[in-house]
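Morning, everyone. Please have the structure open on your screens. I'll walk you through it in a few short stops.

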Amino acid sequence: MEPVLEVQNLSIGIGSTGITENVSFSIEPGQIYGIVGESGCGKTITALSCLGMLPEPGGKLLQGRIFFKGEDIHSLKPERLRQIRGSEISMIFQEPTSALNPLLSIRKQLAELFEFHEFNGDPEERMDQVLRRVGFSDPERILSSYPHQLSGGMLQRVVIALALLLHPSLIIADEPTTALDVTVQAQIMELLVELQKEEGCAVLLITHNIGLIAQYADRVGVMYAGHMIEQRNVADFLRQPYHPYSQGLMSALPDVDERKELHPIPGQVPSAGDFPEGCRFRPRCKQAFAPCSQTVPEFEPEPNQKVCCFLYEEARV
Ligand SMILES: Nc1ncnc2c1ncn2[C@@H]1O[C@H](COP(=O)(O)OP(=O)(O)OP(=O)(O)O)[C@@H](O)[C@H]1O
Ligand code: SF4
Ligand SMILES: [Mg+2]
């Protein structure tokens with residue numbers, strides 16, 4: 001099956017600083033692919049590049065290609081890219097207010113998508129249907145509201161409705177629940193996953209919360225300091241993460257039932273421009289040894305299970 005999204009060896013810089021390096025992953029149709037990593041590791045930059053967007057000012061595509069259903073995103077004409085954004089790929093951000101214009105009614109903001117993109121059907125009917133589906137029993141009232149009249153949870157439901165309106169093949173959800181109250185977070189994630197299954201679209205779920213990945217994603221990519229260091233099926237990853245950083249992430253995960261002790265990883269993520277040579281986790285890794293100062297290739301200890309760590313040298317692909 002052709003992947004919906006295929007990112008190949010992506011390196012992005014800002015000015016003369018390398019931010020992400022050699023990031024590769026692909027998402028199958030209908031799959032939820034989670035990217036997890038600490039703040040600043042390059043998750044959002046990677047996500048935005050899938051829409052053909054680079055950081056401003058100074059963002060550069062240093063290397064690599066991104067294919068959306070076989071089309072090379074960074075070589076597309078601006079008009080085709082505009083078509084793709086918002087209809088075939090849609091985005092849900094952390095802060096729902098950033099996705100909505102405070103001066104326009106919800107109706108105007110939903111209706112605008114139909115002005116810019118082709119749609120076979122009745123826009124009014126689709127708006128009503130999607131708003132009901134995200135949990136509003138009175139779509140008319142929501143449509144005539146302005147963003148400031150709705151709560152954070154309601155706004156994120158509106159953003160999900162916007163994202164689904166034109167039946168996208170891929171939704172990029174960048175920390176979609178981080179800004180919401182804890183009680184609302186679970187409802188929004190459940191809703192997103194339920195709708196994703198109904199619509200059959202793929203989701204790129206970006207988060208620093210490994211718990212969300214464990215609960216909702218099919219496959220996980222772990223990022224550390226601009227590198228994709230491990231890619232696994234979630235069930236296998238939860239059973240036994242390969243990379244020492246992933247193992248640290250997992251042991252730092254609170255486990256209320258077992259009252260497991262927390263073991264945060266000592267040390268700090270290096271900043272962009274200050275990355276060590278070779279494995280970027282080396283200064284914090286208890287298992288570091290001589291080869292780790294060289295560039296780490298990708299190893300495949302089991303089919304389709306990837307890790308960048310010299311401890312898996314014998315699994316060289
Ligand atoms: N527009 C910009 N100009 C300069 N540096 C930037 C810009 N955007 C991001 N960066 C830097 O690039 C790196 C990666 O940023 P990115 O936003 O992708 O991280 P992230 O993994 O999404 O973090 P978070 O979990 O905090 O959202 C960071 O070091 C950040 O400071
Ligand atoms: S490559 Fe070396 S330093 Fe990096 S995680 Fe593996 S053992 Fe640790
Ligand atoms: Mg981010």
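**A walk through the model**

Asparagine 9 is exposed, because just 12 other C-beta atoms lie within 10 Å, and a residue with 12 or fewer counts as exposed. Keep in mind that this is a predicted model. Asparagine 9 sits in strand 1, residues 5–14. Look at its backbone: phi is positive, about 50°, although asparagine 9 is not a glycine.

Glutamate 175 is another residue to check. Its phi is near 50°, again a positive value in a residue other than glycine. Glutamate 175 is in the loop between strand 7 and helix 8. Is it buried, exposed or partly exposed? It has 19 other C-beta atoms within 10 Å, so it is partly exposed. Buried would need 20 or more.

Now helix 8 itself. It runs over residues 182–199, which makes 18 residues. How far apart should its ends be? At 1.5 Å a residue, the expected span is 26 Å. The end C-alpha atoms are 26 Å apart, so the two values agree.

Which residues of helix 8 are buried? They are Ile188, Leu192 and Gln196. Those three cover an arc of only 65° around the axis, so they are on the same side of helix 8. Turn to the face pointing away from that buried side. There you find the exposed residues Thr183, Glu190, Glu194, Lys197 and Glu198.

What covers the buried residues of helix 8? The cover includes strand 3 (32–36), helix 7 (152–164), strand 7 (170–174) and strand 8 (202–207).

Valine 182 also belongs to helix 8. It has 7 C-beta neighbours inside 10 Å, so it counts as exposed. Compare its position with glutamine 129. The two are 53 residues apart in sequence, and their C-alpha atoms are 27 Å apart in space. After helix 8 comes glycine 200, with a positive phi near 70°.

Next, the core. The largest nonpolar core has 80 residues. Ala161, Leu170, Ile172, Leu204 and Leu205 touch the most other members. Helix 7 gives the most to this core, with 8 residues.

Take leucine 205. Leave out residues up to four places away in sequence, and leucine 205 touches Ile32, Tyr33, Gly34, Ala173, Leu212, Tyr216 and Ala217.

On to helix 11, residues 244–251. Its buried residues are Pro244, Tyr245, Ser246 and Leu249. They pack against helix 9 (210–216), strand 9 (219–224) and strand 10 (227–233).

Now the ligands. How many residues surround ligand 1? There are 14, and the closest are Ser39, Lys43, Thr44, Ile45 and Pro55. Helix 1, residues 43–49, gives the most to this shell, with 3 residues. By class, the shell around ligand 1 has 6 nonpolar, 6 polar and 2 charged residues.

Ligand 2 has 13 residues around it. Cys279, Cys285, Ala288, Cys292 and Cys309 come nearest. Its shell divides into 10 nonpolar, 2 polar and 1 charged.

One last stop, back in the chain. Glutamate 56 and proline 57 are joined by a cis peptide bond, with omega about -10°. Proline 57 lies in the loop between helix 1 and strand 4 (59–68).

That's the tour. Thanks for listening.

Conventions:
Residues are numbered from 1 along each chain as its sequence is written. Chains are lettered from A and ligands numbered from 1 in the order in which they are written. This is a predicted model: local features need pLDDT of at least 70, side-chain atom pairs count only at pLDDT 80 or more; totals for chains, interfaces and linings use all residues. A residue is near a molecule or strand if its C-beta atom, placed from the backbone, lies within 6 Å of it. Ala, Val, Leu, Ile, Met, Phe, Trp, Tyr, Cys and Pro count as nonpolar, Asp, Glu, Lys and Arg as charged, and the others, Gly among them, as polar. Helices (H or I, at least four residues) and strands (E, at least two) are DSSP runs, numbered from the N terminus. The expected span of a helix is 1.5 Å times one less than its number of residues. The arc is that of the directions from the helix axis to the C-beta atoms. Two residues are in contact if their C-beta atoms, placed from the backbone, lie within 7 Å. A nonpolar core is a set of buried Ala, Val, Leu, Ile, Met, Phe, Trp, Tyr and Cys residues joined through C-beta atoms within 7 Å.
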